[in-house]
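Student: I am new to this structure and would like a close look at a single part of it. Please take one strand and describe its surroundings step by step.

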Amino acid sequence: MKFQENQHFSHKHILNALKLDIGEEIDCNACENPITDPLHGCNSCHYYLHDECLNTPRSLQHICHPSHPLTLLPNPTYSSRSFSCNACGSEGNAFSFSCAHCEFDLHIHCAKLPVKILIDKHPHELNLLFNSPYKDENVVFVCDECHGTANRDNWVYYCSHCDFGTHSNCATGNVTRKEEASSSHTRKEYLMESTARKVEEIEAYNKAQEKLMAATLQAKLEAQGRRAALDLIDSGSPRKYYYY
């Protein structure tokens, strides 16, 4: 069903207002997230946009990058035809807010993240941080939602009172199909590493227990040997005690 038409800078054809058929699944060509109504699209090119993405401003001044405005690009300009989002760290192949001068890029949904958020799994408000909350570079941020790790310069939501934090996408649910697969792989890696660490800890504990048992047994044997030697001496001649 068609409604109003819209000419968008990202596509050469008119984009028509559309409604999804029951059970139909398509991804937005702007944010790469699954589309729900309302949307505009070009059926002949299989090009579709959320209405929210359709109305995204062409430029943005973001607090995380105050030195330059960010320009909305319909496609990455890098030779790889992709970009790495400075917020969530994942790859993007579609729309981005970009600063060509600094090679700074954001997914459009990352650029719109709220500075504070409440989620079901935590009673306190989480603050958006533009890098790791930990000053010690050896401390790794682990998401309390998916248990995956985050790079030090990735954006995270964090409660300093409880030391509770999540990836930005885990808190908001803004996860593309590609990112979801990557996140699942990250979770598997984390679980494998965690299991390996536990196995190592158990093995180290068992070795320590074996050493302790061996030392205890050796001490008992030495004590028995001393008692046996004393008994042998006592059997040959009576012990002499001196009283003062």
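Tutor: What follows is an account of strand β9, its neighbours and one of its residues, with a short look at another sheet and a salt bridge afterwards.

The model is predicted, so local features need pLDDT of at least 70 and side-chain atom pairs count only at pLDDT 80 or more, while totals for chains, interfaces and linings use all residues. Residues are numbered from 1 along each chain as its sequence is written, and side-chain values use heavy atoms, with hydrogens and water left out.

Strand β9 covers residues 96-99. Strands here are DSSP runs of E with at least two residues, numbered from the N terminus. Ser 96 and Ser 98 lie on one side of β9, Phe 97 and Cys 99 on the other, and all four are buried. Buried means under 20% relative accessible area, exposed over 50%, and partly exposed in between, with a 1.4 Å probe and protein chains only.

β9 pairs with strand β6 (residues 70-73) in the antiparallel sense, over three bridges. Two strands pair if DSSP finds at least two bridges between them. Across this pairing, Leu 72 is opposite Phe 97. β9 is also joined by three bridges to strand β10 (residues 104-106), again antiparallel. There, Cys 99 has Phe 104 as its bridge partner. Four residues separate the strands in the hairpin of β9 and β10, where Glu 103 has a positive phi near 50°.

Within β9, Phe 97 has 1% relative accessibility and therefore counts as buried. Leaving aside residues up to four places away in sequence, Phe 97 touches residues including Thr 56, Leu 60, Leu 72, Phe 104 and Ile 108. Contact means heavy atoms within 4.5 Å. From C-alpha to C-alpha, Phe 97 is 9.7 Å from Pro 76, which is 21 residues away in sequence.

Elsewhere, an open sheet of four strands has antiparallel pairing and the order β11-β12-β15-β16. Its edge strands, β11 (116-117) and β16 (164-167), each pair on one side only. β11 meets β12 (residues 126-129) over two bridges, with Ile 117 opposite Leu 126.

The salt bridge joins the side chains of Lys 121 and Glu 145, at 3.5 Å from N to O. Lys 121 is in the loop between β11 and β12 and Glu 145 in the loop between β13 (141-142) and β14 (149-150), so the pair ties together parts 24 residues apart in sequence. A salt bridge is a side-chain nitrogen of Lys or Arg within 4 Å of a carboxyl oxygen of Asp or Glu. Lys 121 is exposed at 54% relative accessibility, and Glu 145 is partly exposed at 29%.
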